[in-house]
Amino acid sequence: MSTTASDPLATLGALPGVPDAVDSVRKAVDRVYGHRVMRRRSNEVTAEAALRGSRGSAALAGADWNLEEVRRRTDFSGEDEARTVGAALRLTAEAGQLLSIWRQSPLRVLARLHLVAAGGAAPDDAVGRPRLAGESVDEPLIEAPLPSAGEVAGRLEGLSQLIIAGTTAPALVTAAVVHGELLALRPFASHNGLVARTAERIVLIGSGLDPKSICPAEVGHAEQGRAAYVAAFQGYTEGTPEGVAAWIAHCGRSVELGVRESTAVCEALQRGAA
């Protein structure tokens, strides 16, 4: 993602198809926030959305567990899949604590997210910092060419400055670009996908689009499937207007599917079934 516009994210918001995706997401979010259950039981919906979002993010990272297994387990040590699910749960819990820091120091937040995700699963000197030249990356789902450490540093700084400066772009556009850039860069030695999806969540919450965190995009990314996720991301990495617009639309559809999930939770709570 590169452009010389003074507000490049706002420029992306005008790409063909993106305004429609933004409008569709806004309407979907407004509908679930208007559900009668949200008046008195929003905390329960938030908690359930967090659990389901964590499960979805972990599924994309290769740990596709049944929701009830995620709900039941208390020990996430041991095998790789359990550690992945544990990392996703920790990241979701941490996201809400970092909102006030994100706009002032996004790089600090990303470092914290990696520290939380790694949880002792990576070499200590590689945790919480961008990778150095020659260091490998464990991210099996994403096979795009790996940028150099120097390029990572430059693009992370550019992304950070965009966030700090602020933008008039819709929240969906900003969230999709943050997510896509972090996937493209894979700045850490591990857990980049989990970190990228958590950063997307932080943007959606902090922007005011989803302040109660009840619209888990991770659910939608998982529901659309790993193949669709990778294909949409490839369009983003190609950098064409069509490819970037398709990625933003994919992220928008993921939010809408997250809304659908939380709407079902609201309906279940209303019936006394959850």
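In this predicted model, Trp 247 touches Ala 176, His 179, Gly 180, Leu 183, Tyr 229, Ala 232, Phe 233 and Tyr 236, leaving aside residues up to four places away in sequence. Trp 247 also belongs to the largest nonpolar core, a set of 81 residues. Together with Trp 102 and Leu 110, Trp 247 is among the residues with the most contacts inside that core. Helix H9 supplies the largest share of the core, namely 11 residues. As a general background, nonpolar side chains in soluble globular proteins tend to be buried together.

The packing of H9 can be followed further. Two packed helices are described by the angle between their axes and the distance between the axes. Helix H9 covers residues 171–185 and helix H12 covers residues 226–238; their axes come within 10 Å and cross at roughly 90 degrees. H9 is therefore roughly perpendicular to H12. On the H9 side, the contact is made by Val 177, His 179, Gly 180, Glu 181, Leu 183 and Ala 184. On the H12 side, the contributors are Tyr 229, Phe 233, Tyr 236 and Thr 237. Sorted by class, this contact comprises 6 nonpolar, 3 polar and 1 charged residues. Among the residues that Trp 247 touches are His 179, Gly 180, Leu 183, Tyr 229, Phe 233 and Tyr 236, and these names also appear in the contact of H9 with H12.

The chain then passes from H9 to H10 through a loop that contains Arg 186 and His 191. Arg 186 has a phi near 45 degrees, a positive value in a residue other than glycine. The phi of His 191 is likewise positive in a residue other than glycine, near 60 degrees. Arg 186 counts as buried because its relative accessibility is 3%, below the 20% limit for that class. His 191 is also buried, with a relative accessible area of 17%.

Helix H10 itself spans residues 192–206. Its 15 residues should extend over 21 Å at 1.5 Å a residue, and the end C-alpha atoms are 21 Å apart, which agrees. Of these 15 residues, 14 are buried, so H10 is largely enclosed by the rest of the structure. Gly 208 follows H10 and has a positive phi, near 95 degrees.

A similar description applies to helix H3, residues 42–60. H3 has 19 residues and reaches 27 Å from its first C-alpha to its last, close to the 27 Å expected at 1.5 Å a residue. Because 14 of the 19 residues are buried, H3 is largely enclosed by the rest of the structure. Just after H3, Gly 62 adopts a positive phi of about 105 degrees.

Two further positions concern helix H7 and the loop beyond it. Pro 106 is placed in H7, which comprises residues 106–118. Pro 106 is buried, with a relative accessible area of 1%. Not counting residues up to four places away in sequence, Pro 106 touches Ile 101, Ser 160, Ile 163 and Ile 164. Pro 106 and Arg 36 are separated by 70 residues in sequence and by 35 Å in space, C-alpha to C-alpha. Gly 134 is found in the loop between H7 and helix H8 (149–165). Gly 134 is exposed, with a relative accessible area of 83%. Between Gly 134 and Leu 194 there are 22 Å in space, C-alpha to C-alpha, and the two residues are 60 residues apart in sequence.

Definitions and conventions: Residues numbered from 1 in each chain as written. Predicted model: local features only at pLDDT ≥ 70, side-chain atom pairs only at ≥ 80, totals over all residues. Heavy atoms only, no water. Helix = DSSP H or I, 4+ residues; strand = E, 2+ residues; numbered from the N terminus. Expected span 1.5 Å × (residues − 1). Buried < 20%, exposed > 50% of the residue type's maximum accessible area, 1.4 Å probe, protein only. Axes fitted to C-alpha atoms, helices over the stretch in contact; angles between N-to-C directions. Parallel < 35°, antiparallel > 145°, perpendicular 65-115°, else oblique. Contact = heavy atoms within 4.5 Å. Nonpolar A, V, L, I, M, F, W, Y, C, P; charged D, E, K, R; others polar. Core = buried A, V, L, I, M, F, W, Y, C linked by side-chain atoms within 4.5 Å.
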